[in-house]
Amino acid sequence: MGYREIIERAIDTGREVLPEHEAYQVCEEFGIAYPPTRFATTREETVEAAESLGYPVVLKIVSPAVVHKSDAGGVIVGIVSQSELKDAYDLLFANVKEKVGDVPIDGVLIQKAMPKAAEVVVGGLKDDLFGPVVMFGSGGILVEIFKDVSFRLAPLDRDEAMRQIKETKAYEILKGVRGAPPSDLDALADLIVNAGKLLSALPEIKELDFNPVFAGSDGSVVVDARMVIGS
Ligand code: ADP
Ligand code: MG
């Protein structure tokens with residue numbers, strides 16, 4: 001299914017936020033990397049998906065009622081075996097039920113666990129005056145406490161994205177700290193450029209949130225994608 005269809009179906013069914021796996025499909029068409037991911041609706045399908053991906057995997061809830069999955073106990077990382085996966089599947093549903101109640105659940109995502117890397121955030125929004133804008137900044141608590149973000153109008157080229165990265169404190173971490181290898185900045189800049197292209201090409205997307213992006217030493221991968229439809 002192409003991104004046009006994905007977005008049109010979301011609009012037709014009154015969904016404001018694209019399910020995560022559909023957001024990845026949109027990413028795919030703009031050359032934005034994400035982990036090997038499968039969607040499943042039963043425990044059996046979940047096991048099959050994990051076996052085909054190979055462990056370790058991450059399990060995530062997919063529900064229009066759950067926006068911040070971790071807050072609802074809706075993300076379980078570091079699953080290394082089939083028996084752990086089965087337990088994690090039950091735990092995931094129990095967590096969500098306890099924290100959010102009996103909400104509609106589409107299914108789960110089984111995602112290949114990505115190796116540790118510097119975590120950053122790439123986002124986007126549509127400004128009433130300026131049009132599409134891309135945001136880059138520190139991931140995790142740094143973005144909340146230090147407001148370490150920089151903005152650019154989209155579309156933008158790689159040099160501009162590189163300047164955007166270098167404006168932030170995140171850059172200091174990306175250069176490599178405490179023995180960690182430096183991140184591949186070209187790959188990260190390309191991801192920002194592609195996020196800008198996506199926003200420019202799809203005016204229906206009013207908000208974009210790649211949080212986090214794993215900025216590794218040999219490539220950048222989006223491990224959580226949120227796209228909000230609207231005008
Ligand atoms: P939330 O909706 O809570 O933001 P995320 O999908 O971002 O959920 O997952 C929460 C955290 O789990 C991420 O910030 C990241 O650190 C970790 N994580 C998620 N997916 C993966 C993955 N595929 N590999 C490794 N770590 C992951
Ligand atoms: Mg996230």
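Tyr34, setting aside neighbours within four places in sequence, is in contact (heavy atoms within 4.5 Å) with Tyr24, Cys27, Glu28, Val221 and Val222. Tyr34 sits in the loop between α2 (20–29) and β1 (37–40); helices here are DSSP runs of H or I with at least four residues, strands are E runs of at least two, and both are numbered from the N terminus. A polar contact of 2.4 Å joins the side chains of Tyr34 and Glu28. That term stands for a pair of N or O atoms within 3.5 Å; within protein, one must be able to donate a hydrogen and the other to accept it, and residues adjacent in sequence count only if both atoms are side-chain atoms. At a relative accessible area of 25%, Tyr34 is partly exposed. The cut-offs are under 20% for buried and over 50% for exposed, with partly exposed in between (1.4 Å probe, protein chains only). Tyr34 and Asp106, 72 residues apart in sequence, have their C-alpha atoms 20 Å apart.

A word on the model itself. It is predicted, so local features need pLDDT of at least 70 and side-chain atom pairs count only at pLDDT 80 or more, while totals for chains, interfaces and linings use all residues. Residues are numbered from 1 along each chain as its sequence is written, chains are lettered from A and ligands numbered from 1 in the order in which they are written, and side-chain values use heavy atoms, with hydrogens and water left out.

**Domains and a helix pair**

The domain assignment, which is automatic or taken from a database, gives domain 1 (36–112) and domain 2 (115–229). Their C-alpha centres lie 26 Å apart.

Two packed helices are described by the angle between their axes and the distance between the axes. Helix α6 (residues 158–166) and helix α8 (residues 185–201) pack at about 110°, and their axes are 8 Å apart. This makes α6 roughly perpendicular to α8. Angles of 65 to 115 degrees earn that label, under 35 counts as roughly parallel, over 145 as roughly antiparallel, and the rest as oblique. The axes are lines fitted to C-alpha atoms, for helices over the stretch in contact, and angles run from 0 to 180 degrees between N-to-C directions. From α6, the contact draws on Arg158, Ala161, Met162, Gln164 and Ile165, and from α8 on Leu185, Asp186, Leu188, Ala189, Asp190, Ile192 and Val193. Sorted by class, that contact of α6 with α8 has 8 nonpolar, 1 polar and 3 charged residues. In this sorting Ala, Val, Leu, Ile, Met, Phe, Trp, Tyr, Cys and Pro are nonpolar, Asp, Glu, Lys and Arg are charged, and the others, Gly among them, are polar.

**Two buried charged side chains**

Arg152 lies in strand β7 (residues 149–153) and is buried, with a relative accessible area of 14%. Its side chain makes a polar contact of 2.6 Å with the side chain of Glu167. Beyond four places in sequence, the contacts of Arg152 include Pro132, Val133, Val134 and Gln164.

Lys69 is placed in the loop between β2 (57–62) and β3 (75–79). Lys69 is buried too, at 10% relative accessible area, and its side chain makes a polar contact of 2.9 Å with the side chain of Asp224. Glu20, Lys60 and Ile61 are among the residues that Lys69 contacts beyond four places in sequence.

**Helix α1**

Tyr3 belongs to helix α1 (residues 3–12) and is partly exposed, at 22%. It contacts Val26, Glu29, Phe30 and Leu202, with neighbours within four places left out. The C-alpha atoms of Tyr3 and Glu28 are 9.2 Å apart, with their positions 25 residues apart along the chain. Arg4, also in helix α1, is partly exposed at 35% relative accessibility. Arg4 touches Ala201, Leu202 and Glu204, not counting residues up to four places away.

**Backbone details**

Most residues other than glycine have a negative phi, and most peptide bonds are trans. These two peptide bonds are cis:

| Cis peptide bond | Omega | Place of the proline |
|---|---|---|
| Ala154 and Pro155 | about 0° | Pro155: loop between β7 and α6 |
| Asn211 and Pro212 | about 10° | Pro212: strand β8 (residues 205–216) |

Arg178 has a positive phi, near 45°. Arg178 lies in the loop between α7 (170–174) and α8 and is exposed, with a relative accessible area of 87%.
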